[in-house]
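Subject: Structure handover

Hi,

Here is the structure I promised to pass on. Have a look at it first, and then read my notes underneath.

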Amino acid sequence: MAEETIFSKIIRKEIPSDILYQDELVTAFRDINPRAPSHILIIPNKLIPTVNDVEEEDELALGRMFTVARKIAKEEGIAEDGYRLIVNTNSYGGQEVYHIHMHLLGGRPLGPLLMS
Ligand code: 5GP
């Protein structure tokens, strides 16, 4: 059984966060430490620790993360200029919170993907 992270508390609204979207499958909220003018995290409500733990039954929620990314990018006014979606996995991928999350980053030119 995977251990819950702070993101489960955000989903259940047990701790404050700036939630932009929530439905039965996913939740989207602003990152507490934004690295771009728009920095939003989109997560499945189900606790899936990493991409390595994804199952076929998760495809609906993972697909929903993309349609929510599209919707929020439009609302944030960053869809036309462009944005970046990132899913970090495990230590080499830079993952800090072990509940799958898609970073939606935009609002400025983001430069090359890998800077170190
Ligand atoms: P990772 O490095 O795992 O891909 O990204 C984790 C992200 O979660 C980081 O960008 C970090 O700022 C964000 N984060 C960590 N704790 C919280 C929190 O309690 N609230 C919010 N809104 N974001 C958080």
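**H101 and its surroundings**

The side chain of H101 comes within 2.7 Å of the backbone oxygen of H99. Before you read anything into that distance, keep in mind that this is a predicted model.

I started with H101 since the UniProt entry, an unreviewed one, lists this residue under "active site". You'll find H101 in the loop that runs between α3 (90-93) and β5 (102-106). Is H101 buried or exposed? Its relative accessibility is 6%, and the cut-off for buried is under 20%, so H101 counts as buried. If you skip the neighbours within four places in sequence, H101 is in contact with F7, L41, I42, I43, I86, V87 and Q95.

**The ligand**

There are 17 residues around the ligand, and H101 is one of the closest, together with D31, R35, E96 and H103. Which polar atoms come up against the ligand's oxygen atoms? Here are three contacts to look at:

- D31: a polar side-chain atom sits 2.5 Å from an oxygen atom of the ligand.
- H103: again a polar side-chain atom, this time 2.8 Å from an oxygen atom of the ligand.
- G94: here a polar backbone atom is involved, 2.9 Å from an oxygen atom of the ligand.

As for cover, the ligand on its own has 510 Å² of accessible area, and the protein covers 86% of that.

**Salt bridges**

How many salt bridges does a search of the whole structure find? The count is ten. I looked at three pairs and one network.

R64 and E24 meet through their side chains, with N to O at 3.7 Å. This pair links distant parts of the chain, 40 residues apart: R64 belongs to helix α2 (residues 59-76), while E24 is in the loop between β1 (19-22) and β2 (26-30). With a relative accessible area of 22%, R64 is partly exposed, whereas E24 counts as exposed at 60% relative accessibility.

Helix α2 turns up again in the next pair. R30 forms a salt bridge with E76, and their closest N and O atoms are 2.8 Å apart. R30 lies in strand β2 and E76 in helix α2, so this salt bridge ties together parts 46 residues apart in sequence. Both ends are partly exposed: R30 has 30% relative accessibility and E76 has 24%.

Then there is K46 with D58, whose side chains meet at 2.6 Å, N to O. K46 and D58 both lie in the loop between β3 (38-44) and α2, so the pair ties together parts that are twelve residues apart in sequence. What about accessibility at the two ends? K46 is partly exposed, with a relative accessible area of 38%, but D58 is buried, with a relative accessible area of 3%.

The network consists of E4, R12 and E14, joined by salt bridges that share partners.

**Two more residues to click on**

T5 is in the segment before α1 (6-11). Its relative accessible area is 14%, which is under the 20% cut-off, so T5 is buried. The side chain of T5 reaches the backbone nitrogen of F7 at 3.0 Å. You may remember F7 from above as one of the contacts of H101. Not counting residues up to four places away in sequence, T5 touches V97, Y98 and H99. H99 is familiar as well: its backbone oxygen is the one reached by the side chain of H101.

S17 lies in the loop between α1 and β1 and counts as partly exposed at 32% relative accessibility. Leaving aside neighbours within four places in sequence, S17 is in contact with I10 and F29. Where does S17 stand relative to R30, the partner of E76? Their C-alpha atoms are separated by 7.3 Å, with their positions 13 residues apart along the chain.

Cheers

Methods:
Residues numbered from 1 in each chain as written. Predicted model: local features only at pLDDT ≥ 70, side-chain atom pairs only at ≥ 80, totals over all residues. Heavy atoms only, no water. UniProt positions renumbered as here; feature names shortened; annotations may be inferred. Helix = DSSP H or I, 4+ residues; strand = E, 2+ residues; numbered from the N terminus. Buried < 20%, exposed > 50% of the residue type's maximum accessible area, 1.4 Å probe, protein only. Contact = heavy atoms within 4.5 Å. Polar contact = N/O pair within 3.5 Å; in protein donor to acceptor, adjacent residues only side chain to side chain. Near = heavy atom within 4 Å. Areas by Shrake-Rupley, 256 points an atom, 1.4 Å probe, with all protein chains shown as cover. Salt bridge = Lys/Arg side-chain N within 4 Å of Asp/Glu carboxyl O.
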